[in-house]
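The following exercises ask the reader to trace strand pairing in the model shown below, and each is followed by a worked solution.

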Amino acid sequence: MIRRSVVLISALMLLFVGMAGWCQTESDVPEIHLIINEIEINPLGLDTDHEWVELLNPTDVAIDLNGWQISYSYPESGYILLSETPLIISPGGRYIFVYPGLRLRNGDAHVFRLMNPEGIVVEETAPFKDEANDDSTWQRFPDGGDPLFLDLWIFQKNSRNKSNS
Ligand SMILES: [Ca+2]
Ligand SMILES: [Ca+2]
Ligand SMILES: [Ca+2]
């Protein structure tokens, strides 16, 4: 009887461990997804209504931006909706999102995050800051990112709504 209980408990533990592993898979994050491709944190002159990000659809299917969110850092950290209505980015297409109002800190380095409509953070950049107050921006290099060095970014003259390289 004792031996049978031990076997049962062992089986239950294995099932539990297996389920825990199953729940924590990274399969929720698609391998290829919408990406942040360029970031203007501190445009020349007034920042209000002039801070923007360039989004790029590197996939071969159209992506509806409705319900996607991007992070902001001022005056506190949070997320803002990229579009509340259907807005299609075609395969290989770009979209410039202009932050409404002042939303980004210039001096402190901040990570940018992109969240899909299911609430899954699909991208998290390195921390960026921009104290230059000119038309230079942080840009993925090469355009869309190198598959081997996805986190390679450079700070150079902006290429708004155009290829970074
Ligand atoms: Ca700038
Ligand atoms: Ca500025
Ligand atoms: Ca660009």
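**Exercise 1.** Determine how many bridges join strand E1 to strand E2, and in which sense the two run.

*Solution.* Strands are DSSP runs of E with at least two residues, numbered from the N terminus, and two of them pair if DSSP finds at least two bridges between them. Strand E1 covers residues 35–40 and strand E2 covers residues 52–56; five bridges join them, and they run antiparallel. Within this pair, Leu56 of E2 lies opposite Ile35. The model is predicted, and local features need pLDDT of at least 70, side-chain atom pairs count only at pLDDT 80 or more, while totals for chains, interfaces and linings use all residues. Residues are numbered from 1 along each chain as its sequence is written, and chains are lettered from A and ligands numbered from 1 in the order in which they are written.

**Exercise 2.** Place E1 and E2 in their sheet, and explain why one side of E7 and of E11 is left without a neighbour.

*Solution.* The sheet is open, with five antiparallel-paired strands in the order E7-E2-E1-E10-E11. Because strand E7 (94–98) and strand E11 (153–157) stand at the edges with a single partner strand each, one side of each has no neighbour in the sheet. On average, neighbouring strands of this sheet are turned by 25° against each other, direction ignored, the axes being lines fitted to C-alpha atoms.

**Exercise 3.** Identify which strands pair with E4.

*Solution.* Strand E4 (residues 69–72) is joined by four bridges to strand E5 (residues 78–81), antiparallel, and Gln69 has Leu81 in E5 as its bridge partner. These two strands, E4 and E5, form a hairpin with five residues between them. E4 also pairs with strand E8 (residues 113–115) in the antiparallel sense over two bridges, where Ile70 faces Leu114 as its opposite residue.

Note on methods:
Axes fitted to C-alpha atoms, helices over the stretch in contact; angles between N-to-C directions.
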